[in-house]
Amino acid sequence: MAFRPNPLSLTVPEPAFESWLRDSGYLELLDQRSSSSAAAPGAAAAASGDAAAASDPYASGFFASVFSGLGTLVSLVTLNPLSKLTTDDFSGETPSWTAAFIGSCDSYSFPSSPAQARLRVHENVRRFARNYATLFILFFACALYQMPFALIGLLSSLALWDFFKFSSDKWGLDQRPVIRQCLVRIAQIVTAVILIWCNVQMAIFCALCVSYAALMLHATFRNLTLSKPPHKKRK
């Protein structure tokens with residue numbers, strides 16, 4: 001993606017320019033900028049280490065790249081991928097699973113720096129929020145399939161609240177708020193006992209763990225691409 005030369009762009013601060021790129025949907029350029037900024041110090045470090053490599057025959061850039069990659073992955077441990085997620089990210093259309101979400105082999109690469117990894121995670125989570133939510137539902141359904149007792153407990157809880165709503169409308173409990181509040185508390189306690197006894201929390205925990213791992217791996221290695229089509233000028 002190339003921009004037309006513009007002398008005014010020299011006076012734009014870098015944070016404002018990156019914000020404009022993000023708002024305009026040019027996430028691919030943001031990814032390239034973070035990669036190029038990380039490559040500069042890496043080249044300087046490689047140049048400074050040439051003398052040490054020449055004196056030490058066992059010195060190699062392999063170990064440096066391994067430790068650098070491990071440092072990049074470790075930096076994501078304390079990252080909250082949902083910190084920049086908003087409700088508007090769930091209101092749009094779901095990106096295509098094949099072309100946008102999965103992509104091709106060229107759509108994935110190892111992040112060159114922790115900054116690029118964090119940028120990818122935040123932007124990919126916002127763009128593919130509906131896809132990740134669908135994956136969580138799918139993993140939760142698979143967990144319930146593997147744990148039929150938890151599925152029975154979940155269906156029993158839903159049936160309990162459906163019966164409570166039907167009884168509330170039939171007996172006119174809305175006109176008796178004290179009795180209705182007491183029955184709501186009792187239903188909540190019964191629901192909690194059913195869910196814990198049927199081990200539903202374990203199914204939710206397994207689905208959350210698998211979904212989080214899939215989200216972090218995909219969002220970290222997925223290259224940022226153009227999220228919005230550029231505006232065409234009218235002739």
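**Notebook: cores, helix 8 and a surface patch**

I looked first for the largest nonpolar core, which has 13 residues, and I noted Leu-76, Val-121, Val-125 and Tyr-132 as those with the most contacts inside it. By nonpolar core I mean a set of buried Ala, Val, Leu, Ile, Met, Phe, Trp, Tyr and Cys residues joined through side-chain atoms within 4.5 Å, where buried is under 20% relative accessible area, exposed is over 50% and partly exposed lies in between (1.4 Å probe, protein chains only). At least two residues of this core are supplied by each of helix 5 (97–102), helix 6 (114–127), helix 7 and helix 10; helices are DSSP runs of H or I with at least four residues, numbered from the N terminus. I also recorded a second, separate core of 8 residues, which includes Ala-143, Leu-144, Cys-198 and Ala-207.

I keep in mind that this is a predicted model, in which local features need pLDDT of at least 70 and side-chain atom pairs count only at pLDDT 80 or more, while totals for chains, interfaces and linings use all residues. Residues are numbered from 1 along each chain as its sequence is written, and side-chain values use heavy atoms, with hydrogens and water left out.

I then looked up Val-125 and, leaving aside its neighbours within four places in sequence, found it in contact (heavy atoms within 4.5 Å) with Pro-81, Leu-82, Leu-85, Arg-120, Tyr-132, Leu-215 and Ala-219.

Next I turned to Lys-84, which sits in the loop between helix 4 (61–74) and helix 5 and is partly exposed, with a relative accessible area of 44%. With neighbours within four places in sequence set aside, Lys-84 is in contact with Asp-89, His-122 and Arg-126. I noted too that Lys-84 and Glu-123, 39 residues apart in sequence, are 8.6 Å apart in space, C-alpha to C-alpha.

I followed helix 8 along its 24 residues, and from first C-alpha to last it reaches 34 Å, close to the 34 Å expected at 1.5 Å a residue, the expected span being 1.5 Å times one less than the number of residues. Its buried residues, among them Gly-153 and Phe-164, pack against helix 7 (129–146), helix 9 and helix 10 (200–221). Gly-172 follows helix 8 and has a positive phi, near 65°.
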